[in-house]
Amino acid sequence: MAQQAYVTDTDNGDAEPEHPGSALRRLRGRTARLLTDVRTDRRFWRRGLVLAALALLLALVMVAHAHIPNSVGNLGSLTETFLPWLGIGIPVLLALGVLRRSASALVAVLVPLVVWLNVFGGLLTDKATTGGDLTLATHNVNADNPDPEGTARAVAAAGADVLALEELTASAVPVYERALASTYEYHAVQGTVGLWSKYPLSGVRSVDIKLGWIRAMRATVTTPTGPLAVYVAHLPSVRVKLEAGFTARQRDHSADALGEAIADERLPRTALLGDLNGTMNDRALNAVTSQLRSTQGAAGSGFGFSWPASFPMARIDQIMVKGVEPVSSWTLPETGSDHLPVAARVDLSTHS
């Protein structure tokens, strides 16, 4: 006996088969009536005007974020730090528009959707390619890391040729040195930042980022394909305070100083590794980001968020390069730190 896929109840409670065609006709009929109502019933357009206005405001913020002033609590930088997350408002407004049965809201939601896809859609694709001749990695290991030895083993297992570590404490440095000695023949530490390398280091010096103590350094890595200038930096932290907003003045001044140091670099191939406490969208880092390419933006997949490790919401740990070609970029598994390590593969033989 053939199985009945569609069954309806008759007036007397008996069930009788319903043909697929009849269900399809009813759906077409309902859709046609809805479209007719949208065309003829002005209420469909009058409802949800507030939602429509919110959708257009959301699109405006994403388009004109650079014009949001920093004079009040660094609101512009705060918005730019979490700019991709504004996209969460799109499905929320869409759902509310459906509940309100508002044609105005549904049409307006298309505007921020198009804007978000235009700004961030390219990050959703996998831009990684094969090849490359050098792997770079960086990790803010956290001064309060309960397991520095385990963290060192974890990042060493990633296979980086050059590894930068930030937020090193005086007591933890010997632990990292011992744990990384078998993988990296060369290393140098300046203040709270360090560089470990499989290739010889020279020209090691601290970089003054106007803090009064050392949180940045520079070294030349002599790779098989020639020298590479490597900067390691840990810019000051930022805070969100109710009474002061997004406090980042010291971070911004340090970013300007770091940008000046990179601008004075004489080697044509340069890499910056570190925790910049800011994203590539943050205008306050323009002194740095205008000179270098983000490996994640050029050759990564997704946003590559690195902080906080328990629920990453922003990529503040950066690998940026000049004079070399990014091949791939990714985040590494969580360690004992509140940051995720990040890594990138680059091609030194190709000048970008």
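Start by selecting Asp161 in this predicted model. Its relative accessibility is 10%, so Asp161 counts as buried, the limit being under 20%. In the backbone, look for Asp161 in the loop between helix 7 (148–156) and strand 4 (162–166).

**Stop 1: from Asp161 to Arg345**

Now add Arg345 to the selection. Asp161 and Arg345 form a salt bridge, with 3.8 Å between the closest N and O atoms. Arg345 sits in strand 16 (residues 342–347), so this pair ties together parts of the chain that are 184 residues apart in sequence. How exposed is Arg345? With a relative accessible area of 23%, Arg345 is partly exposed, whereas Asp161 is buried.

Bring up Lys198 too. Asp161, Lys198 and Arg345 are linked in a network of salt bridges.

**Stop 2: Thr135, a neighbour of that pair**

Keep Arg345 on screen and select Thr135, which you will find in strand 3 (residues 134–140). The side chains of Thr135 and Arg345 make a polar contact at 2.8 Å. Thr135 counts as buried, at 7% relative accessibility.

Which residues does Thr135 touch, leaving aside those up to four places away in sequence? They are Gly159, Ala160, Asp161, Val162, Trp330, Ala344 and Arg345. Both partners of the salt bridge at the previous stop, Asp161 and Arg345, are therefore in contact with Thr135, with heavy atoms within 4.5 Å.

**Stop 3: two further salt bridges**

The model has 9 salt bridges in the count. Here are two more to visit.

Select Glu265 and Arg218, whose side chains meet in a salt bridge at 3.0 Å, N to O. Glu265 lies in the loop between helix 9 (249–263) and strand 12 (270–275), and Arg218 in strand 8 (residues 216–223), so the pair ties together parts that are 47 residues apart in sequence. Are these two residues buried or exposed? Both Glu265 and Arg218 are buried.

Next, select Arg293 and Glu325. Their side chains also form a salt bridge, at 3.3 Å from N to O. Arg293 belongs to strand 13 (residues 293–294) and Glu325 to strand 15 (residues 325–331); the two are 32 residues apart, and the pair links distant parts of the chain. Colour by accessibility if you like: Arg293 is partly exposed at 33%, and Glu325 is partly exposed at 27%.

**Stop 4: the aromatic rings**

Switch from charges to rings. The count comes to 6 aromatic pairs. One of them is Trp116 with Phe120, a tilted pair with 5.6 Å centre to centre and 50° between the planes. Where do these two rings sit in the chain? Trp116 and Phe120 both lie in helix 6 (residues 103–120), 4 residues apart, about one turn of the helix. Trp116 counts as buried at 13% relative accessibility, and Phe120 counts as buried at 3%.

Then widen the selection to Trp85, Trp116, Phe120, Phe303, Phe305 and Phe311, which ring pairs link into a cluster.

**Stop 5: a patch on the surface**

Finish on the outside by switching on the surface display. Select Val50, Leu54, Leu57 and Leu60, which make a nonpolar surface patch of about 390 Å². Leu60 lies in helix 3 (residues 49–63). At a relative accessible area of 53%, Leu60 is exposed, in contrast to Phe120 from the previous stop, which is buried.

Methods
Residues numbered from 1 in each chain as written. Predicted model: local features only at pLDDT ≥ 70, side-chain atom pairs only at ≥ 80, totals over all residues. Heavy atoms only, no water. Salt bridge = Lys/Arg side-chain N within 4 Å of Asp/Glu carboxyl O. Buried < 20%, exposed > 50% of the residue type's maximum accessible area, 1.4 Å probe, protein only. Polar contact = N/O pair within 3.5 Å; in protein donor to acceptor, adjacent residues only side chain to side chain. Phe/Tyr/Trp six-rings, centres within 6.5 Å; stacked < 30°, edge-to-face > 60°. Patch = residues over 30% accessible without salt bridge, like charges linked within 9 Å, V, L, I, M, F, W, Y side chains within 5 Å. Areas by Shrake-Rupley, 256 points an atom, 1.4 Å probe, with all protein chains shown as cover.
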